[in-house]
Each structure stands twice: as C-alpha cells, then as structure tokens.
Amino acid sequence: MSLIRFDNTDWEDASSLQQTTAIKALEQGQLLLFPNLYQKLTETQYILLDPKCLAPNAKNISLKPNAALVDGAIADTAMQTQLTTLCRTYASHATRLVQQLLPSYSKALIPGRTSFRPAAVDQRKQSPRKDDRRLHVDAFPSSPNQGKRILRVFCNINPNGEPRIWRLGEPFPEVAKRFLPTIKAPFPGSANLLNTLGITKTKRSRYDHYMLHIHDTMKMDETYQRQVNYEEIALPALSTWIVFTDQVSHAAMSGQFMLEQTFYLPPHTMQRPELAPIHVLEHLLAQR
Ligand code: SIN
Ligand code: FE
C-alpha cells in the first residue's frame with residue numbers, strides 16, 4: 001500500500017493516533033492524502049491561475065523563505081504581490097499542518113521554498129533530466145542538502161476538478177540497489193570546486209553526489225522507465241498530500257495548478273532514521 005488517507009477537514013485537528021500513524025507511514029515511504037484539505041482561493045486569486053504568468057523557461061513560480069517577492073513570474077507589480085501572497089499563505093497553512101500532524105518533527109523542520117505550479121504537466125517540454133513525468137527521487141543540483149530529508153506538502157488547486165496524476169515506483173532500497181552500483185565515487189575535491197565556482201549554494205556532500213546521480217540515471221534509463229512496476233494514483237482537485245520525495249520514487253503525469261511547500265529534516269529526528277536514504281546508501285556502500 002503506497003497511500004494512506006486522512007479525512008481531516010481542518011489543518012489543525014490531528015489526533016494523537018493520526019500523528020503516530022502519519023509518521024510511521026511517511027517514514028516507510030507512503031504518501032499521506034488529505035482529500036478534504038485544501039487552500040481556498042479568494043475571488044481575486046483565481047486570475048492567478050494562468051500559465052502566462054510564468055517567466056520563459058521557469059518551471060514554476062517560487063518564494064524563498066523570507067523573500068519579499070516570488071521568482072519565476074512575469075507579471076506587473078500588483079500581480080507579483082498577489083502571487084507572493086498566494087505562496088506565503090500556503091506556506092503558513094502547510095507549516096501549521098506539519099506542526100499539528102508531525103509534532104516530533106516540528107522543532108527540527110527547516111522551511112524551504114514554496115512553489116506555485118501553473119503549467120499543465122503533460123504539455124511541458126523538458127529535457128529527460130528535468131522531466132518529472134519520468135520516475136525519480138528528488139535531488140536538487142544547486143541546493144545540496146547533505147543527507148537532510150526532503151518533505152513536501154502539495155495541494156491541487158485545480159478549479160475545474162481535474163486530478164493530478166502521479167505514478168509511484170518501487171521502494172527506495174530497491175531503487176538504490178539497482179542504481180548505486182552504476183555510479184562512480186565522486187572524485188576528490190569536486191565538492192570544493194563546485195562550491196568555489198558558485199554552482200552549488202553549499203557544499204555538495206558524497207550523499208548529494210550519489211542522490212543526484214540516482215535521480216539522473218533513473219530518469220535517463222528508458223528501459224527502466226518502461227519496465228519498472230508502478231502504481232498510478234489520482235490526487236483529486238482540492239486535496240492535499242504529504243510525501244518524502246527524496247525516498248518515494250514518483251512521476252507527475254498530468255494535472256495543472258498546484259501549490260507545494262518544501263521542508264528539510266535532519267534524519268536523526270526521524271522515528272526510524274535507518275529508513276532515511278542517507279543510511280540506506282551508507283549501508284549499501286559499506287557492503288561494496
Ligand atoms: C515532482 O516533484 O516530481 C513534480 C510533482 C508535480 O509537479 O506534481
Ligand atoms: Fe520530484
């Protein structure tokens with residue numbers, strides 16, 4: 001079972017049974033779906049549901065924590081301000097949800113970017129490496145995270161009732177066992193070099209090296225993409241879901257208009273840190 005449903009209708013009404021269930025499920029690689037939770041848009045926010053507000057080449061519009069305005073938008077100042085408010089409101093909703101639902105994480109969670117994704121997934125032209133319609137685990141080339149978990153809260157705000165269609169692939173240990181042996185160790189000094197050249201925002205660790213290569217190798221492997229087992233799920237309009245995207249192999253096949261909040265979590269704050277990708281990889285590398 002790759003998905004577990006919660007029928008909460010409020011961001012703040014999680015019971016202690018739900019809290020325990022949620023953490024256990026997330027850490028085991030399940031997706032938590034809240035079919036009755038979503039961010040209501042105000043009347044004026046509906047005009048923001050338009051892919052034309054995306055800057056050329058931008059995949060989404062995003063707000064860095066504490067930034068004054070969003071990145072990735074071409075819009076007049078009033079519209080930029082509105083997009084910023086949309087993201088900021090969602091950031092605070094998503095934060096309240098994880099605080100209520102995952103209290104043992106809440107002190108350690110580090111907020112990342114908030115994004116608004118107005119483009120239709122199935123019409124996007126992307127290079128294979130950037131194509132999120134191919135199964136992958138998340139790893140970001142310019143933001144190494146040195147083993148921290150990537151926890152994401154998504155909300156489908158499609159106004160026409162269209163679901164977002166995702167595929168969920170094999171469990172992380174299977175992905176790692178398959179692809180890790182194909183990846184060379186990083187060459188000494190490469191992390192320093194990348195950092196000096198300003199390519200990465202902080203130093204790329206060995207962990208980042210392996211995760212990025214797993215991400216790329218999975219996406220580029222046409223045979224794997226065709227043959228691996230996956231489950232296709234419909235994430236309904238006006239629903240919210242939470243998933244560790246560094247662990248859960250996923251692909252977005254169709255859908256339009258989504259909000260997303262990223263959090264980072266140090267693995268030692270998990271109930272079962274051994275399930276974190278960093279420890280799965282360490283274990284496999286130690287056997288080499
Ligand atoms: C992804 O994180 O791979 C994309 C998710 C989405 O756009 O639905
Ligand atoms: Fe992804």
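**Exercise 1.** Describe how α6 packs against helix α8 (residues 277–287) in this predicted model.

*Solution.* Start with the geometry. The two helices pack at an angle of about 95°, and their axes lie 11 Å apart. α6 and α8 are therefore roughly perpendicular to each other (65 to 115 degrees). Next, list the contacts (heavy atoms within 4.5 Å). From α6 come R206, Y207, Y210, M211 and I214; from α8 come P277, I278, L281 and L285. Finally, sort by class: eight residues of this contact are nonpolar, none polar and one charged.

**Exercise 2.** State the volume of the largest pocket and characterise its lining.

*Solution.* The volume is about 1,400 Å³. The lining (residues with an atom within 4 Å of a pocket point) has 49 residues. F140, P141, S142, S143 and R152 lie nearest the centre. Now map the lining onto elements. At least two residues each come from β4 (110–117), β5 (149–156), β6 (164–168), α6 (206–220), β9 (250–254) and β10 (258–265). Then split by class: 15 nonpolar, 16 polar and 18 charged.

**Exercise 3.** Do likewise for the second largest pocket.

*Solution.* Its space is about 300 Å³. Lining residues number 17, with Q28, G29, E170, P171 and F172 closest to the centre. Seven of the lining residues are nonpolar, six polar and four charged.

**Conventions.** Residues are numbered from 1 along each chain as its sequence is written, and chains are lettered from A and ligands numbered from 1 in the order in which they are written. The model is predicted, with local features needing pLDDT of at least 70, side-chain atom pairs counting only at pLDDT 80 or more, and totals for chains, interfaces and linings using all residues; side-chain values use heavy atoms, without hydrogens and water.

Key:
On a 1 Å grid over the protein atoms alone, a cavity is a set of points where a 1.4 Å probe fits but cannot get out, and a pocket is an open set with protein on both sides within 12 Å along at least five of seven lines; lining residues have an atom within 4 Å of a point. Grid points are joined across faces, edges and corners, and a volume is the space filled by probe spheres set on the points. Helices (H or I, at least four residues) and strands (E, at least two) are DSSP runs, numbered from the N terminus. Ala, Val, Leu, Ile, Met, Phe, Trp, Tyr, Cys and Pro count as nonpolar, Asp, Glu, Lys and Arg as charged, and the others, Gly among them, as polar. Axes are lines fitted to C-alpha atoms, for helices over the stretch in contact, and angles run from 0 to 180 degrees between N-to-C directions. Angles under 35 degrees count as roughly parallel, over 145 as roughly antiparallel, 65 to 115 as roughly perpendicular and the rest as oblique.
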